[in-house]
Amino acid sequence: MVTTSLKNAARRTQISVEDTPFYHCCSRVVRRAFLCGDDSYSGKNYDHRRAWVESLLFELEAVFAIDVAAFAVMSNHLHVVLRVDIDRTNRWTDREVLEQWHKLFKGDELTQKFAKGELVEPHQVLRLKHAIAIYRSRLCDISWFMRCLNEPIARQANQEDNCSGRFWEGRFKSQALLDETAVLACMTYVDLNPIRAKMADTPAQSDHTSIQLRIRAALKGDQPSNLLPFIGKERDNQPNGIAFTLKDYLELVEDTGRIIRNDKRGAISENSANLLTRLNISHENWLKLTTEFGKLFRGPVGTLQELTDYCEHLEKRRRHFAKCCRYLNAG
């Protein structure tokens with residue numbers, strides 16, 4: 001299968017949980033109306049919509065078997081880094097699947113009946129199992145997650161703007177993040193969006209972002225309960241999370257943000273330099289990734305070997321994505 005455009009590609013040709021559970025998704029608005037922030041054309045301010053997005057994002061995180069690793073709500077687009085947890089959906093009982101689904105959708109009389117513990121007639125069992133299988137699949141489906149995020153926001157914004165029609169671009173952008181460096185670089189890129197856009201001076205001042213939530217929780221010696229946690233080094237029987245320490249990540253983001261803000265290419269701490277060495281990535285390449293990630297990569301992100309495996313599984317042309325691999329190493 002050959003794809004000529006990421007946005008036009010079928011969603012199933014972009015998701016391969018066998019290769020990675022991590023995905024970067026981006027939605028952009030159409031028309032002049034802003035998602036959030038100041039609209040210089042109309043003179044209106046839409047900052048209150050950021051709270052809509054953040055609140056709904058975490059509501060969905062509690063329903064789906066999908067974790068939020070990073071997010072940033074910008075003036076005319078939204079970034080999220082998501083982790084799909086197939087094992088969680090497989091552990092859910094049939095009743096738990098329906099309970100989760102019914103938090104968002106009514107289902108039908110049969111699924112409501114079973115969820116309440118009422119007796120289901122033998123001739124209804126097959127139809128019930130079919131519905132449960134569909135819902136179980138949807139609850140770990142990024143397309144359904146983004147649909148449940150974007151559609152309510154669009155309706156609410158259209159109602160506020162007293163208009164109709166499309167609010168978001170037709171499809172959200174989705175990128176597979178195939179290794180640790182790709183995940184951390186993408187998360188840093190997302191977390192530093194307000195710094196690059198000059199909406200904030202520091203990550204701690206970046207409202208409605210994952211980095212602000214992580215910093216606030218870290219000051220209390222904790223991690224946000226609604227974000228995928230940092231769990232340190234990989235180990236046996238480890239919980240779900242990012243195999244990196246929170247302290248190291250916060251320092252790396254702070255240093256990178258300071259460089260971007262002050263345009264001082266050499267201003268990085270010794271510890272951050274050591275972290276980049278551990279990730280086998282040069283200082284120059286790290287800055288390139290965290291400032292231009294969205295321009296550099298139009299598809300999956302990873303080393304050449306990981307890209308090869310990913311593309312073979314999805315029957316894609318590897319060379320379509322391979323030219324930016326060089327930024328994911330120390331060269």
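# Close-up views of a predicted model

**View 1. Asn280 sits in a loop between two helices.** Asn280 is partly exposed, because its relative accessible area is 46%, and this is a value taken from a predicted model. The loop that holds Asn280 runs between helix H11 (270–278) and helix H12 (283–296). The backbone of Asn280 also deserves attention, since its phi is positive, at about 60°, although the residue is not a glycine. As background for this view, most residues other than glycine have a negative phi.

**View 2. His208 is another residue with a positive phi.** The phi of His208 is near 55°, a positive value in a residue other than glycine. His208 lies in the loop between helix H8 (193–196) and H9, and with a relative accessible area of 22% it counts as partly exposed, because the word buried is kept for values under 20%. His208 is also one of the residues that Phe71 touches, which leads to the sheet and the core shown in the following views.

**View 3. Four strands form an open sheet.** The strands follow one another in the order S2-S3-S1-S4, and their pairing is antiparallel. At the edges are strand S2 (66–73) and strand S4 (173–176), each of which pairs on one side only. From one strand to the next, the twist averages 20°. Strand S1 (residues 22–28) and strand S3 (residues 77–84) are joined over seven bridges in the antiparallel sense, and within this pairing Cys26 has His79 in S3 as its bridge partner. Helix H1 (residues 48–61) packs on the sheet, where it touches S2 and S3, and the direction of H1 makes about 170° with that of S2. In general, the strands of a sheet pair through backbone hydrogen bonds, either parallel or antiparallel.

**View 4. Strands S2 and S3 form a hairpin.** Three residues stand between S2 and S3 in this hairpin, and the two strands pair in the antiparallel sense over seven bridges. One bridge to look for is that of Ala70, whose partner in S3 is Val81. Although S2 is an edge strand, it is mostly covered, with eight of its eight residues buried.

**View 5. Helix H1 is mostly covered.** Of the 14 residues in H1, ten are buried, among them Trp52, Val53, Leu56, Leu57, Phe58 and Leu60, but also the residues Arg49, Arg50, Glu54 and Glu61. What do the buried residues of H1 pack against? They pack against S2, S3, helix H2 (86–91), H6 and helix H9 (210–218). The length of H1 can be checked as well: at 1.5 Å a residue, its 14 residues should span 20 Å, and because its end C-alpha atoms are 21 Å apart, the two values agree.

**View 6. Phe71 belongs to the centre of contacts in the largest nonpolar core.** This core has 54 residues, and those with the most contacts inside it are Phe64, Phe71, Val80, Leu82, Ile142, Phe145 and Met146. Helix H6 (residues 142–161) supplies the largest share of the core, with nine residues. A second, separate core of 43 residues includes Ala185, Leu228, Ile242 and Ile281. Leaving out residues up to four places away in sequence, Phe71 touches residues that include Leu57, Phe58, Val80, Val190, Leu213 and Leu227, and also Glu54, His79 and Asp191. As a general background, nonpolar side chains in soluble globular proteins tend to be buried together.

**View 7. Val253 and Asp255 are two buried residues of helix H10.** Val253 is found in helix H10 (residues 246–262), and it counts as buried because its relative accessible area is 0%. Apart from neighbours within four places in sequence, Val253 is in contact with Thr188, Leu192, Pro203 and Ile211. Val253 and Thr202 are 51 residues apart in sequence, and their C-alpha atoms are 9.8 Å apart in space. Asp255, which also has its place in helix H10, is buried with a relative accessible area of 5%. Which residue has a side chain joined to that of Asp255 by a polar contact? The partner is Ser269, and the contact between the two side chains is 2.6 Å. Beyond residues up to four places away in sequence, Asp255 touches Ala267, Ile268, Ser269 and Ser272.

Technical notes
Residues numbered from 1 in each chain as written. Predicted model: local features only at pLDDT ≥ 70, side-chain atom pairs only at ≥ 80, totals over all residues. Heavy atoms only, no water. Core = buried A, V, L, I, M, F, W, Y, C linked by side-chain atoms within 4.5 Å. Buried < 20%, exposed > 50% of the residue type's maximum accessible area, 1.4 Å probe, protein only. Contact = heavy atoms within 4.5 Å. Pairing = 2+ DSSP bridges. Axes fitted to C-alpha atoms, helices over the stretch in contact; angles between N-to-C directions. Expected span 1.5 Å × (residues − 1). Polar contact = N/O pair within 3.5 Å; in protein donor to acceptor, adjacent residues only side chain to side chain.
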